[in-house]
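Visitor: I have a structure open and would like to learn how to read it. Can you take me through it feature by feature?
Guide: Gladly. Let us look at it together.

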Amino acid sequence: MAQYTRVSGSVGLITLQSPPVNALSAAVRQGIVDLMQRALSEPEVKSVVICGQNGIFCGGADIKEFGGQMSGPPLIPMIHAIEAASKPVVAAIEGIALGGGLELALGCHYRIAHSKAKVGLPEVTLGLLPGAGGSQRLPRLIGVPAALDLITTGRHVTAAEALKFGLVDQITDHNTVNVAVKFAQRVTDQPLDARRISTYPCLCPPDVDVLFEEVMQSVRRTARGAIAPIACVQAVRAAATLPYNQGMERERELLATLFTSGQAHALQYFFFAQRAVGRWSMPSGARWDTSKPRPVHKAAVIGLGTMGRGITVALAQAGFSVVAVETQEKQLMEAKQAISGMLERGAKRRGVAPALDKINYGRNIQSVADVDLVIEAVFEDMALKKKVFQQLSAVCKPSTFLCSNTSGLDIDQLACQTRNPELVVGMHFFAPAHVMKLLEVVYGPKSSPLAVATAMQLGKKIGKVSVAVGNCRGFVGNRMLKPYLEQALFLLEEGATPEFVDQVLEEFGFAMGVFRMSDLSGLDVGWKVRMADGLAMPDSTTGQPTRLRQGRRYSPLGDLLCEQRRFGQKTGRGWYQYDKPGSQVAKPDPWLHRFLDEYRARHALVAHRIDHQEVLERCLYSMINEGFRILEDGIAAGPEDIDVIYVFGYSWPRHRGGPMFYAATVGLNKVLERLEHYYQAHPDVPSLQPCPLLRKLVASGSPPIQKWREVIKKVRSQL
Ligand SMILES: CCCCCCCCCCCCC/C=C/C(=O)SCCNC(=O)CCNC(=O)[C@H](O)C(C)(C)COP(=O)(O)OP(=O)(O)OC[C@H]1O[C@@H](n2cnc3c(N)ncnc32)[C@H](O)[C@@H]1OP(=O)(O)O
């Protein structure tokens with residue numbers, strides 16, 4: 001909806017009214033069309049100002065409408081009518097002008113922005129392009145290079161940057177609408193022809209072809225298979241090479257292709273999934289809207305290894321006072337230096353002062369006595385963590401929240417070491433902890449809603465996408481990673497090479513294939529866990545054949561590499577070879593190929609030809625199957641939680657929506673059928689056995705992913 005008021009006698013003020021972000025829903029578009037006509041027909045009105053209610057100009061097209069039948073006046077003619085208007089139209093931009101919101105402002109003759117406003121064309125992040133003339137007007141207004149940057153990245157720019165680009169005409173610290181109204185009065189008699197951006201020639205640098213070639217190459221490299229960034233470059237190229245009307249036609253064609261693509265659906269699903277995870281719930285019925293967090297002013301981090309350092313930086317940068325504890329003097333000195341460096345580099349990038357004074361370092365755990373929340377980040381060893389929790393429970397205030405940064409250990413066992421187990425939760429950060437967006441907040445059986453709400457809020461304050469998950473081995477992310485890694489190893493046993501498996505996964509869109517990722521994180525990490533679990537052991541100790549553990553197929557390939565001290569990048573050898581330890585350039589290793597041949601011969605394994613499809617299906621469907629088990633067990637509340645974890649924590653390509661969305665795209669019956677096929681071929685691999693929830697969903701007619709929760713609820717209630 002939109003509201004019309006006449007201000008200062010001669011200015012028609014149109015206010016967009018569609019909370020929370022004044023998106024351009026059908027009703028808002030209808031309001032704009034009607035009220036523009038009214039303003040143009042009233043002789044007393046000499047100029048028009050368009051603004052948004054509640055200090056927000058406009059968040060763009062209404063993304064919720066994309067899924068259904070589009071009705072109401074279309075955006076493009078509406079914006080053309082504004083641009084063609086006989087009276088000056090001024091956009092008063094407060095808060096945000098994004099996507100269609102900025103395209104609307106580009107149709108106006110003038111743009112006044114508040115100094116705190118942000119503008120941008122983020123359509124690419126939704127699998128689209130600025131298809132309401134934005135791809136054609138923006139390059140005409142600010143030039144091709146700047147337009148390419150904004151449109152292909154979708155980044156939001158500050159008002160100051162927008163002014164520098166010439167994207168807005170004026171910025172103000174005062175009431176933007178009042179400033180815009182005065183401005184509108186001043187320009188009443190100015191000719192409008194020179195203010196209609198669609199009539200501008202496109203500002204191109206002399207070497208524009210080279211520029212497009214370079215940008216296209218760079219976009220292809222980083223897009224990981226996403227098509228929208230490429231279409232964005234093509235649309236801007238049309239602006240640079242074609243008259244406006246033909247450029248608009250090209251924009252329309254490209255948008256039509258994107259609009260109906262699976263990628264746009266996936267990205268729009270992901271947009272809402274990302275927001276849905278904030279509305280967490282626990283199996284006990286506790287929820288985000290009924291559980292109040294307690295404020296945290298002062299926090300502590302115990303253990304300043306790689307993770308502890310990153311967590312300290314994240315907390316300090318967000319303005320928390322931090323007590324950072326490391327018991328070893330030498331490690332403490334090294335950590336202090338490293339943390340200061342990280343803070344200084346981060347501050348320089350963001351143009352702010354480094355938050356060095358937010359941190360107090362100490363060697364003694366007593367120094368955390370008065371903090372509100374502790375994040376323990378010592379080595380991933382249950383005995384050690386238990387000891388730390390006992391100490392913390394004795395030292396801290398009774399009300400202090402005790403959190404463990406663990407990647408998969410049992411939160412309940414830690415809670416049992418404390419006086420107040422209800423205040424214990426897991427906070428699983430991802431390395432590097434000050435950069436990676438994901439945080440798994442893990443509740444155990446004793447964790448209170450208060451503790452979960454507080455950890456979730458802390459996560460939000462330090463800029464993380466936090467997902468509340470239940471307590472089980474590996475939580476959500478690492479639990480699903482296990483069958484994925486396992487299948488990758490089995491594929492090597494059966495004839496594949498690490499290069500081939502990685503290539504297939506990278507072509508799918510992962511930033512790194514499973515073996516390159518394993519080399520990066522260090523093969524010894526998993527080896528230690530498998531030793532602790534009694535898996536990576538000599539056969540004589542287990543009394544079982546090498547390729548069988550606990551009654552199921554087991555691949556010792558990773559253990560065998562570790563026995564040779566091939567730990568990955570850090571030792572210069574792993575699944576690949578590297579020029580030197582620490583180098584990141586992975587090269588195929590003939591030694592590894594010989595080793596695989598010998599291994600297969602030793603175990604009488606006959607290598608067969610493994611194709612793309614088999615790699616993808618076995619790696620991804622086994623992981624997805626585990627995802628269904630996680631949903632069935634109530635460890636994740638819904639498929640969105642899993643998808644957000646995988647995109648933010650495990651480099652799952654966002655344009656494929658996440659593993660559970662991908663399963664829905666492929667078709668649940670197909671996933672089920674292929675799992676049945678592979679399980680029949682590998683009956684000693686339980687992770688390939690289709691999960692009952694998957695069967696149930698297929699039996700229920702494979703409902704859309706938004707309806708899965710209903711089926712999950714039924715399945716859980718029957719357990
Ligand atoms: C064959 C067919 C041919 C095709 C023809 C069809 C034509 C179709 C028209 C095509 C037009 C294309 C051109 C225009 C495209 C667009 O404009 S796409 C939208 C662009 N805008 C965005 O991407 C902005 C998205 N929103 C945000 O980035 C953030 O929400 C925010 C605005 C910066 C606010 O952030 P924050 O304060 O952190 O709040 P949030 O929690 O993120 O959001 C609050 C709630 O608002 C909902 N929401 C936000 N933006 C939109 C939106 N644009 N549409 C609908 N809803 C929106 C958000 O979901 C939150 O609600 P809940 O999910 O209920 O919590």
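Visitor: Is strand β15 buried or exposed?
Guide: This is a predicted model, and buried here means under 20% relative accessible area. Six of the six residues of β15, residues 424-429, are buried, so the strand is largely enclosed by the rest of the structure.

Visitor: Which way do the residues of β15 point?
Guide: Start with the general idea. In a regular strand, side chains alternate between the two faces of the sheet. Now the case here. Val 424, Gly 426 and His 428 point one way from β15. Val 425, Met 427 and Phe 429 point the other way. All of them are buried.

Visitor: In which sense does β15 pair with β14, and in which with β16?
Guide: Take β14 to begin with, residues 401-404. Its pairing with β15 is parallel, over three bridges. Look for Leu 402, which stands opposite Val 424 in β15. Then turn to β16, residues 438-443. Its pairing with β15 is antiparallel, over five bridges. There, Met 427 stands opposite Val 441 in β16.

Visitor: On to the ligand. Which residues come nearest to it?
Guide: The ligand has 27 residues around it. Gly 59, Ala 61, Ile 63, Gly 100 and Arg 275 come nearest.

Visitor: What polar atoms face the ligand at Gly 59, Ile 63 and Arg 275?
Guide: Check backbone and side chain separately. A polar backbone atom of Gly 59 is 2.8 Å from a nitrogen atom of the ligand. At Ile 63, a backbone N or O atom lies 2.9 Å from a ligand nitrogen. Arg 275 uses a polar side-chain atom, 2.6 Å from an oxygen atom of the ligand.

Visitor: How much of the ligand's accessible area does the protein cover?
Guide: On its own, the ligand has 1,200 Å² of accessible area. The protein covers 70% of that.

Visitor: Which elements give two or more residues to the shell?
Guide: They are β5 (96-98), α3 (100-107), α10 (244-259) and α11 (262-276). By class, the shell has 16 nonpolar, five polar and six charged residues.

Visitor: One last residue. Where is Glu 494 found, and why does it count as buried?
Guide: Glu 494 is in helix α17, residues 477-494. It counts as buried because its relative accessibility is 9%, and the cut-off is under 20%.

Visitor: What does Glu 494 touch?
Guide: Leave out residues up to four places away in sequence. Its contacts then include Arg 553, Arg 600, Arg 618, His 608 and His 682. Val 606, Ala 607, Ile 610 and Glu 614 are also among them.

Key. Residues numbered from 1 in each chain as written. Predicted model: local features only at pLDDT ≥ 70, side-chain atom pairs only at ≥ 80, totals over all residues. Heavy atoms only, no water. Near = heavy atom within 4 Å. Polar contact = N/O pair within 3.5 Å; in protein donor to acceptor, adjacent residues only side chain to side chain. Areas by Shrake-Rupley, 256 points an atom, 1.4 Å probe, with all protein chains shown as cover. Helix = DSSP H or I, 4+ residues; strand = E, 2+ residues; numbered from the N terminus. Nonpolar A, V, L, I, M, F, W, Y, C, P; charged D, E, K, R; others polar. Buried < 20%, exposed > 50% of the residue type's maximum accessible area, 1.4 Å probe, protein only. Pairing = 2+ DSSP bridges. Contact = heavy atoms within 4.5 Å.
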